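Here are my notes for you to read alongside the model. Keep the viewer open and click on each residue as you go.

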Amino acid sequence: MPGLPPARTPGSYRIALVCLGNICRSPTAHVVLEQRLADAGLDDRVEVASSGTGGWHVGNPMDRRAAATLSAAGYDPTRHRARQYDDSWATAYDVVLVMDEANLADVGGRTDRVGLFRDLDPVDPGAEVPDPYYGGDDGFEEVLAMVERTSEAIVTALDDVLRGADGPPGDPA
Ligand code: 4NP
C-alpha cells in the first residue's frame with residue numbers, strides 16, 4: 001500500500017488508526033493527525049477515528065503518560081475514549097493504518113486499504129510504532145516524534161487524494 005488509496009466517496013476521506021489497547025499509540029496519532037488536518041483546513045473533509053484490537057480499555061480515556069506527553073506538546077488529549085476494532089472498520093474506512101506487525105496480523109493482514117501507519121513515515125518507511133505501554137516516558141516522546149512527522153506526510157497525501165478528486169474537468173492532476 002504505497003501512499004493512500006483513493007477515496008471511496010470522492011471529495012471526502014475516512015481514516016482509521018489502530019493499535020492494541022487504543023490508549024497510547026493510535027490515540028496519540030488520532031489527536032496529532034486531527035490537529036494537523038485542522039491546521040491545513042482539511043478537517044471538514046477528513047474524518048479520523050481510532051480503535052484497539054483488544055477490548056480491555058473500551059470507554060477509558062488515554063493512558064495518563066500518553067496524555068501528559070501530548071499536553072506538554074500543546075495538544076488536547078482529553079476527548080479520547082477507547083474503542084475496539086472490528087471487521088466492519090475495514091469496509092467503512094478509506095484506509096486502516098495500524099501501528100505494528102502484530103496489529104496488522106490481528107486485522108487480517110495487508111490489503112489495498114490496510115497497511116502500517118509508518119508506511120508513510122518519510123524517515124523510516126514501513127517501520128513499526130513501538131508499543132510504549134510497558135516502558136518509560138522516553139517511549140512516549142519517541143512515539144510522538146514519529147507520529148508528528150508521519151501525520152504531516154499523511155496530510156500532504158490526503159491533500160493530493162482530495163485535490164485529485166475535485167480538480168476541474170481535464171485537469172491532468
Ligand atoms: P497501545 O498500548 O496499543 O499503544 O494503546 C497498549 C495499551 C494497553 C495494553 C497494551 C498496549 N494492554 O496490554 O493493556
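Which backbone oxygen lies 2.8 Å from a polar atom of the side chain of histidine 80? Find that one before reading on. Keep in mind that this is a predicted model.

1. **Histidine 80 and its partner.** The backbone oxygen belongs to asparagine 22, and the distance to a polar side-chain atom of histidine 80 is 2.8 Å. To find histidine 80, go to the loop between helix 2 and helix 3 (88–92). Don't let the word "loop" make you expect a residue out in the open: histidine 80 counts as buried because its relative accessibility is 8%, and the cut-off for buried is under 20%. Leaving out residues up to four places away in sequence, histidine 80 touches Asn22, Pro27, Ser50, Asn60, Pro61 and Met62.

2. **Around the ligand.** Asparagine 22 turns up again here, as one of the residues around the ligand. Its companions in that shell are Cys19, Leu20, Gly21, Ile23, Cys24, Arg25, Trp56, His57, Asp131, Tyr133 and Tyr134. Sort the shell by type and you get seven nonpolar, three polar and two charged residues.

3. **Polar atoms facing the ligand.** Three distances deserve a click. A side-chain N or O atom of histidine 57 is 2.7 Å from an oxygen atom of the ligand. For isoleucine 23, a backbone N or O atom lies 3.0 Å from a ligand oxygen. In aspartate 131, an N or O atom of the side chain is 3.3 Å from an oxygen atom of the ligand. As for cover, the ligand on its own has 360 Å² of accessible area, and the protein covers 93% of it.

4. **Leucine 20, also in the shell.** Leucine 20 sits in the loop between strand 1 and helix 1. Is leucine 20 buried or partly exposed? With 32% relative accessibility, leucine 20 counts as partly exposed. Now look across to threonine 53: the two are 33 residues apart in sequence, yet their C-alpha atoms are 5.0 Å apart in space. Neighbours within four places aside, leucine 20 is in contact with Arg25, Gly52, Thr53, Gly54, Trp56, Asn103 and Asp131.

5. **The nonpolar cores.** The largest nonpolar core has 39 residues, and those with the most contacts inside it are Tyr13, Ile15, Leu17 and Phe117. At least two residues each come from strand 1 (13–19), helix 1 (25–39), strand 2 (46–52), helix 2 (64–72), strand 3 (95–98) and helix 5 (137–166). Helix 5 gives the largest share, eleven residues. Another core lies apart from this one; it has twelve residues, among them Ala16, Ala49, Val98 and Leu104.

6. **Isoleucine 15 up close.** Pick isoleucine 15 if you want to see what sits around one core residue. Not counting residues up to four places away in sequence, isoleucine 15 touches Leu33, Val46, Glu47, Val48, Ala49, Tyr93, Val95, Leu97 and Ile154.

7. **Arginine 149 on helix 5.** Back on helix 5, have a look at arginine 149. Arginine 149 counts as partly exposed, since its relative accessibility is 27%. A polar contact of 2.7 Å joins its side chain to that of aspartate 121. Beyond its neighbours within four places in sequence, arginine 149 is in contact with Arg118, Asp121, Pro122 and Val123. Tyrosine 13 is 136 residues away along the chain, and the C-alpha atoms of the pair are separated by 20 Å.

How values were computed. Residues numbered from 1 in each chain as written. Predicted model: local features only at pLDDT ≥ 70, side-chain atom pairs only at ≥ 80, totals over all residues. Heavy atoms only, no water. Core = buried A, V, L, I, M, F, W, Y, C linked by side-chain atoms within 4.5 Å. Buried < 20%, exposed > 50% of the residue type's maximum accessible area, 1.4 Å probe, protein only. Helix = DSSP H or I, 4+ residues; strand = E, 2+ residues; numbered from the N terminus. Contact = heavy atoms within 4.5 Å. Near = heavy atom within 4 Å. Polar contact = N/O pair within 3.5 Å; in protein donor to acceptor, adjacent residues only side chain to side chain. Areas by Shrake-Rupley, 256 points an atom, 1.4 Å probe, with all protein chains shown as cover. Nonpolar A, V, L, I, M, F, W, Y, C, P; charged D, E, K, R; others polar.
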